[in-house]
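Reader: I'm new to this structure and would like a walk through it. Could we take it one question at a time?

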Amino acid sequence: MFEALSGKLGDVFDRLRRRGALSENDVIEAMRDIRLALLEADVALPVVRDFITKVRLAAVGAEVLRAVSPGQQVIKIVNDALVEALGGEGVVPLNLNAAAPIPFLMVGLQGSGKTTTSGKIALYLKDKQRKKVLLASLDTQRPAAQLQLAQLAERAGVASLPIIAGETPVQIARRAMETGRREVFDVVILDTAGRLSIDQALMDEVKAIRAATDPAETLLVVDAMTGQDAVSTATAFNEAVSITGIVMTRLDGDARGGAALSMRAITGAPIKLMGMGEKLDALEQFHPERIAGRILGMGDIVSLVEKASEHVDQANAEKLAKKMAKGKFDLEDYGEQLKQITKMGSLSGIMGMLPGVGKIKQQLADADLDTSILKRQGAIISSMTKAERANPDIMKASRKKRVAAGSGTSVQEVNRLLKQFDMMKDMMKRASKLGQKGLARGGLAALMPQGGGRRPF
Ligand SMILES: Nc1nc2c(ncn2[C@@H]2O[C@H](COP(=O)(O)OP(=O)(O)OP(=O)(O)O)[C@@H](O)[C@H]2O)c(=O)[nH]1
Ligand SMILES: [Mg+2]
């Protein structure tokens with residue numbers, strides 16, 4: 001997400017940084033470029049105007065600091081303005097300060113991700129907040145909708161309200177709250193039906209449910225990919241049912257990100273969560289500072305460490321290190337590593353979170369180091385049998401052909417993977433002689449497949 005915006009702002013800042021002192025013209029030019037970059041990212045026009053005005057005022061009023069260059073100072077000012085546009089400092093948590101069962105109402109247009117997000121929030125509340133959650137689908141529009149939520153509930157390991165055919169959404173909502181009280185649930189998540197566009201019937205339904213349940217949170221789920229439309233959707237919902245928070249979904253895709261920047265200013269409601277994929281654990285809290293940091297490419301060690309520590313299980317890592325040291329690391333293990341790396345996002349994404357790696361990032365890009373290679377390698381490994389993974393030496397021509405066909409790759413790619421894997425194993429043996437410290441340092445780099453045959457480091 002935000003790649004295009006991030007790239008454009010990066011260019012502006014590069015130009016600013018190269019100058020010692022900034023002339024008025026430099027600043028005017030930079031502001032024009034930032035304005036364009038924001039508009040191209042689909043940020044709503046009034047928000048862009050306001051943003052530029054704030055930055056200009058802050059820049060004019062800023063005291064000249066000796067320790068930093070004027071360019072750096074402008075970057076800081078833009079960063080602060082971005083953080084403010086995204087909602088100010090800190091995460092705004094879900095409101096759990098209400099009498100149990102606490103109703104959460106999920107609203108939004110069709111396909112925005114309400115049902116998926118309901119499942120994600122249920123899993124999050126259960127695992128991270130130790131809450132007993134009941135999921136209830138009020139979607140009587142789509143025949144399969146209630147079943148979809150019931151299946152999600154099962155995957156999340158939470159309860160779902162038994163389906164009774166013929167009830168209206170308000171009746172289901174009432175029954176959900178009664179069940180919540182009777183069976184002592186902490187939170188009841190009410191997932192509503194979406195419509196293709198905002199219409200009176202949808203708003204009336206949502207209003208009636210709201211009146212019947214008095215939710216602690218009315219969460220608007222918006223698809224980040226819809227750009228400017230997301231803003232008008234949010235405005236309409238907010239006017240009808242005054243939302244308490246926003247969940248932006250599909251921020252894992254190539255959304256230009258403008259909607260995220262406009263939401264707070266337009267609705268006054270904070271973005272609380274972001275959907276980063278289709279899986280149930282692909283839900284993250286919305287940290288305005290970190291998002292601003294990512295947009296500006298200024299680095300964000302905190303979220304990198306958090307992400308890494310969540311996904312890379314410590315015990316697993318130790319087991320792996322032992323295996324590596326003994327030279328027993330096999331393709332099965334490598335496949336696992338690939339999964340972890342792709343889970344953490346693209347390599348350049350991870351690198352982007354480290355401060356001061358802009359240059360390395362470029363080198364990585366030059367070396368064709370992207371996750372598409374990792375994904376293809378993952379596919380190759382998935383197409384191999386267990387025996388082949390444990391002992392790649394048995395991979396002869398016919399097996400290679402089968403695996404290439406099965407993974408939609410070519411025999412050459414299979415060969416390349418096997419060769420790389422051999423080299424990697426060698427490197428690991430050598431690295432393990434350096435001890436844990438050496439391994440930790442060389443670890444990730446050693447695991448990176450190299451496209452184009454060039455070394456990135
Ligand atoms: N990539 C990605 N896909 C998502 C995300 N959230 C939801 N989806 C996908 O979007 C599609 C629609 O999601 P649903 O949760 O069914 O949307 P909904 O708002 O409940 O749809 P209706 O009930 O028909 O209005 C599904 O295929 C989801 O897997 C996300 O954060 N990232
Ligand atoms: Mg749904």
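Author: Sure, and one term comes up right away: pLDDT is the predictor's confidence in each residue, from 0 to 100. Two residues are in contact if their C-beta atoms, placed from the backbone, lie within 7 Å. Keep both in mind, since this is a predicted model.

Reader: How many contacts beyond four places in sequence does the model have for residues 435–457, where pLDDT stays under 50?

Author: Let's start with the whole protein chain, which averages a pLDDT of 79, with 77% of the residues at 70 or above. Residues 298–309 fall below 50, and that stretch has 23 contacts beyond near neighbours in sequence. For residues 435–457, also under 50, the number of contacts beyond four places in sequence is 34.

Reader: What is the order of the strands in the open sheet?

Author: The protein chain has 21 helices and eight strands. Eight strands go into this open sheet, and their pairing is mixed. The edges, each pairing on one side only, are β3 and β8. Reading across, you get β3-β2-β4-β1-β5-β6-β7-β8.

Reader: Which residue in β3 stands opposite Leu135?

Author: Strand β2 covers residues 133–137 and pairs with β3 in the parallel sense, over two bridges. β3 itself spans 159–160. Across from Leu135 you'll find Ser160.

Reader: Helix α8 packs on the sheet, so what angle does its direction make with that of β1?

Author: Helix α8, residues 200–213, touches β1, β4 and β5. Another helix, α9, lies across β1, β5 and β6, running at about 160 degrees to β5. For α8 against β1, the angle is about 175 degrees.

Reader: Which helix gives the largest share of the shell around ligand 1?

Author: The shell holds 21 residues, and the closest include Gly113, Thr115 and Thr116. By type, the shell splits into three nonpolar, twelve polar and six charged residues. The largest share is three residues, and they come from helix α5.

Reader: How many of the 16 residues of α5 are buried?

Author: A residue is buried if 20 or more other C-beta atoms lie within 10 Å of its own. In α5 that applies to Lys114, Thr115 and Thr116, among others. The helix is mostly covered, and its buried count is twelve.

Reader: And why is helix α11 largely enclosed by the rest of the structure?

Author: Helix α11 runs over residues 288–296. Its buried residues include Pro288, Arg290 and Leu296. It is largely enclosed because the number of its nine residues that are buried is nine.

Reader: Arg130 and Arg250 both have a positive phi; which one is buried?

Author: Most residues other than glycine have a negative phi. Arg130, with phi near 55 degrees, lies in the loop between α5 and β2 and counts as exposed because it has 8 C-beta neighbours inside 10 Å. The other, with phi near 60 degrees, sits in the loop between β6 and α10. It has 20 other C-beta atoms within 10 Å, so the buried one is Arg250.

Reader: Which residue is joined to Ala100 by a cis peptide bond?

Author: Most peptide bonds are trans. Here omega is about -5 degrees, and the bond is cis. The partner of Ala100 in that bond lies in the loop between α4 and β1, and its name is Pro101.

Key. Residues numbered from 1 in each chain as written. Chains lettered and ligands numbered in written order. Predicted model: local features only at pLDDT ≥ 70, side-chain atom pairs only at ≥ 80, totals over all residues. Helix = DSSP H or I, 4+ residues; strand = E, 2+ residues; numbered from the N terminus. Near = placed C-beta within 6 Å. Nonpolar A, V, L, I, M, F, W, Y, C, P; charged D, E, K, R; others polar. Pairing = 2+ DSSP bridges. Axes fitted to C-alpha atoms, helices over the stretch in contact; angles between N-to-C directions.
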